[in-house]
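Trainee: I have a new model open on my screen and would like to learn how to read it. Could you walk me through it?

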Amino acid sequence: MYTFYQYSSCSTCRKALKFLNEKEIEFKSVHLVTETPSEEVLKTLLKNSGLPIKKFFNTSGQKYKELGLKDKINNMSEYEAIKLLASDGMLIKRPIISDETKVMVGFKEEEWIKLWKGLNDPFIIYIYKKL
């Protein structure tokens, strides 16, 4: 089962949601603002993504800009960054999809397909059946 972390007012999240529904992918939806992931969940997502912590920040968001994080993030430890992300879901880049072992941050259809391609993963099997 996939976990889809999203914010309902986000147009990119709506595109990703449409993609998942069209491909009949089963997932659990988590609203990033009302159900902000804990530090532990964020640590796991970070580890499984293989991405730098900076990629988890919504750099185009108002909250990110208000806090002046562009200039501060490079000097933060991973611990500080995770703690900050867990404190406010509006700081988290969205959407995020995870199957407990793989994680994608943001939505680019080609990248979502490529991540799971060739792994005999139900995600890819569903997608190719629907193409």
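**Reading the model, step by step**

Mentor: Happily! This is a predicted model, so let's begin with confidence. Among the elements of the chain, helix H7 (residues 122-130) has the lowest mean pLDDT, 48, while helix H5 (residues 78-87) has the highest, 97. The chain averages 87, and 87% of the residues score at least 70.

Trainee: Over which residues does pLDDT stay under 50?

Mentor: Where pLDDT is low, the predicted coordinates should not be read in detail. Here that applies to residues 124-131, where pLDDT stays under 50. The model has 18 contacts beyond four places in sequence for this stretch.

Trainee: Now helices. Which residues of helix H2 are buried?

Mentor: An α-helix has 3.6 residues a turn, so residues three or four places apart point the same way. In H2 (residues 39-49), the buried residues are Leu42, Leu45, Leu46 and Ser49. Viewed down the axis of H2, they fall within an arc of 100°, so they line one face of the helix. The face turned away from that buried side carries the exposed Glu40 and Lys47. Covering the buried residues of H2 are, among others, strand E1 (2-6), H5, strand E3 (96-98) and strand E4 (103-105).

Trainee: And how many aromatic pairs does the structure hold?

Mentor: A pair of aromatic rings is described by the distance of the centres and the angle of the planes. The structure holds three aromatic pairs. One of them joins phenylalanine 4 and phenylalanine 27: the ring centres are 5.6 Å apart and the planes lie at 70°, so the pair is edge-to-face. It links distant parts of the chain, with phenylalanine 4 in strand E1 and phenylalanine 27 in strand E2 (residues 27-31), 23 residues apart.

Trainee: Is phenylalanine 4 buried or exposed?

Mentor: Phenylalanine 4 is buried, because its relative accessible area is 0%.

Definitions and conventions:
Residues numbered from 1 in each chain as written. Predicted model: local features only at pLDDT ≥ 70, side-chain atom pairs only at ≥ 80, totals over all residues. Heavy atoms only, no water. pLDDT = per-residue confidence, 0-100. Helix = DSSP H or I, 4+ residues; strand = E, 2+ residues; numbered from the N terminus. Contact = heavy atoms within 4.5 Å. Buried < 20%, exposed > 50% of the residue type's maximum accessible area, 1.4 Å probe, protein only. Arc of directions from axis to C-beta. Phe/Tyr/Trp six-rings, centres within 6.5 Å; stacked < 30°, edge-to-face > 60°.
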